[in-house]
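Dear colleague,

I am passing on the structure we spoke about, together with some notes on what was found in it. Please have the sequence and the view open as you read.

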Amino acid sequence: MASYFLTADIGGTQIRAALCDESGRIHRRSHTLTYASEGKDAVIRRIQETLIQALGDFPLNQVCGIGVVAPGPLDPQTGVIVFAPNLPGWENVPLRQIIQDYFDLPVSVGNDANLAALGEHRFGAGRGVRNLIYITVSTGIGGGVIADGRMLLGARGFAAEVGHQTIEIDGPRCNCGNIGCLETFASGPAIARMAREAIAGGANSLLREMVYGQLDQITSRLVYEAALQNDTLAISTFHRAGRYLGIGIVNLLHLFNPEMIIIGGSVAKAGDFLFNSMWETIRARSHPIYWKDLRIVPPALGDDVGLLGALALVLSDAEARVPAG
């Protein structure tokens with residue numbers, strides 16, 4: 001007989017929920033807008049309501065647990081959200097306890113990038129792989145590490161912040177407060193910034209015409225569109241971002257020696273514009289023993305990576321509660 005679980009994926013814009021079974025099959029979905037500006041209590045109420053909608057007429061007493069993907073730094077042991085930049089007023093919020101009290105079910109809460117790694121490991125591109133790293137390259141750069149089949153959390157659950165490794169000692173200041181993070185050179189906003197700086201410095205590009213001279217309107221998506229039109233500056237900007245991404249990956253190869261790296265996120269859709277220089281950098285800066293058998297692949301779970309990552313977490317926690325023997 002199948003076991004059933006509820007999962008939720010909380011974002012700054014949207015809350016998604018699902019009723020799943022342990023095989024990763026989603027039986028029912030629901031979603032709503034977050035309306036984060038209305039405050040913490042209103043958002044928590046919407047999380048509860050969205051989970052109830054995903055449950056539908058399925059008996060709650062047949063649900064074995066709830067998994068939740070949450071943004072921002074959080075303590076995975078206590079389920080407390082330390083803070084969430086895209087959710088105003090969310091500081092030291094005991095989300096796990098709140099949801100547990102409401103549904104009277106075991107609840108597991110994890111960071112979005114970590115759970116994307118766990119979801120891909122259990123249900124997606126990383127099935128059967130014992131050591132992998134998941135990297136999402138989008139507005140920011142996040143990641144998760146699976147080491148010897150287990151999610152790497154660190155002492156307080158803050159491990160695997162791959163986007164905040166220092167790449168340039170005198171680089172730009174990152175939103176995290178650090179200087180020269182990988183995120184400041186290879187994320188979507190970083191690509192847009194590098195293109196703007198080059199054009200402001202006198203470089204020629206279709207991008208100037210595409211934004212009618214309003215350089216602050218340049219986005220990474222527009223840089224990609226210009227690259228498709230063979231714009232030299234746009235292509236070189238992606239190549240530069242790819243080199244920095246490659247340096248970041250070399251650091252990860254030396255630290256974790258993974259079999260596979262899964263790279264997702266909107267910026268990754270730039271494909272060879274980004275990945276050719278990334279691979280060149282990996283090969284130039286690390287010994288072949290690290291990359292000759294390395295697979296770098298796209299994610300397999302698409303928009304469901306959060307919901308299935310939450311399922312993977314609650315399943316892992318449930319399995320950990322079962323006594324050995």
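Please keep in mind throughout that this is a predicted model. Among the contacts in the protein with a separation of 6 or more, 61% are accounted for by residues that lie 24 or more positions apart.

As to the overall build, the protein has 11 helices and 13 strands. Its radius of gyration is 21 Å, close to the 20 Å that the globule rule gives for 325 residues, so the protein is as compact as a globular protein of that length. Along the principal axes, the C-alpha trace spans about 65 × 50 × 30 Å.

Turning to burial and surface, buried residues make up 52% of the 325 residues, while the area that the protein exposes comes to about 15,300 Å², with carbon and sulfur atoms supplying 48% of it. The protein carries 26 positive and 31 negative side chains, and the centres of these two sets lie 3 Å apart.

One part of the fold can be described strand by strand. An open sheet of 3 strands runs in the order S5-S6-S7, and its pairing is antiparallel. Strand S5 (74-75) and strand S7 (91-94) are the edge strands, each of them pairing on one side only. Strand S6, which covers residues 80-83, pairs with S7 in the antiparallel sense over 3 bridges, and Phe83 stands opposite Glu91 in S7.

With best regards

Note on methods
Residues numbered from 1 in each chain as written. Predicted model: local features only at pLDDT ≥ 70, side-chain atom pairs only at ≥ 80, totals over all residues. Heavy atoms only, no water. Helix = DSSP H or I, 4+ residues; strand = E, 2+ residues; numbered from the N terminus. Rg over C-alpha atoms; globule rule 2.2 N^0.38 Å. Buried < 20%, exposed > 50% of the residue type's maximum accessible area, 1.4 Å probe, protein only. Contact = heavy atoms within 4.5 Å. Areas by Shrake-Rupley, 256 points an atom, 1.4 Å probe, with all protein chains shown as cover. Lys, Arg positive; Asp, Glu negative; His and termini not counted. Charge placed at Lys NZ, Arg CZ, Asp CG, Glu CD. Pairing = 2+ DSSP bridges.
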